[in-house]
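The following exercises ask the reader to work through a protein model from its overall fold to its interior. Please examine the sequence and the structure before turning to the solutions.

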Amino acid sequence: QRQRRASAETADLLPMVFLCAGCKRPVGDTLSWVTNDEEAGCILLRSECRPPRPAPRGGRWSPPSLCAGAAAGVSVDEERKLSKLPGECGCMIQTLFCSGCSMTLGNIYRCTPKHLDYKRDLFCFSIDSIE
């Protein structure tokens, strides 16, 4: 019984992985969890992108940036657009796509009015686009 309880406690501590609903590619996990927005039907995850480290002498260069968390299986549209959703007047967003199947996953809010500042620079995944 102790072993069963210990296994249940360990399972509670393990991260949950979010998958693209289209191709089942991992797009984030609960280690990068910030919050959820039930009204908007989305979850908000942070992304940690760091500049590359210099290559060792005579070594290969690393990619332009190293991303962890939400960004690993996600592509970000370079084009910034104004949101057309109700209540989001003045929001500048970039669309998130699955890097495997190109399914639209959600948005990154780059510019927000004060009442939506909590979403700024976070990956906002639509709950219908992930499993």
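Three exercises with worked solutions follow, and they concern a predicted model.

**Exercise 1.** Determine how many helices and strands the protein chain contains, and in what pattern they follow one another.

*Solution.* Step 1: counting the elements gives 1 helix and 11 strands. Step 2: reading along the sequence gives the pattern α-β-β-β-β-β-β-β-β-β-β-β. Step 3: of the 131 residues in the protein chain, 28% are buried.

**Exercise 2.** Identify the strands that pair with strand 4, and the sense of the pairing.

*Solution.* Step 1: strand 3, residues 33-37, pairs with strand 4 in the antiparallel sense over 4 bridges. Here Asp37 stands opposite Cys42 of strand 4. Step 2: these two strands form a hairpin with 4 residues between them; within the turn, Gly41 has a positive phi of about 70°. Step 3: strand 11 also pairs with strand 4 in the antiparallel sense, over 4 bridges. In this pairing, Cys42 stands opposite Ser126 of strand 11.

**Exercise 3.** Describe the nonpolar cores, and state whether the residues of strand 4 that point either way are buried or exposed.

*Solution.* Step 1: the largest nonpolar core has 13 residues, and Val27, Val74, Leu96, Leu105 and Phe125 have the most contacts inside it. Strand 4 (42-45), strand 9 (92-98), strand 10 (104-111) and strand 11 (123-126) each supply at least two of its residues. Step 2: apart from this core lies another, of 8 residues, including Cys42, Cys91, Ile93 and Leu122. Step 3: Cys42 and Leu44 point one way from strand 4, whereas Ile43 and Leu45 point the other way, and all are buried.

How values were computed. Residues numbered from 1 in each chain as written. Predicted model: local features only at pLDDT ≥ 70, side-chain atom pairs only at ≥ 80, totals over all residues. Heavy atoms only, no water. Core = buried A, V, L, I, M, F, W, Y, C linked by side-chain atoms within 4.5 Å. Buried < 20%, exposed > 50% of the residue type's maximum accessible area, 1.4 Å probe, protein only. Pairing = 2+ DSSP bridges.
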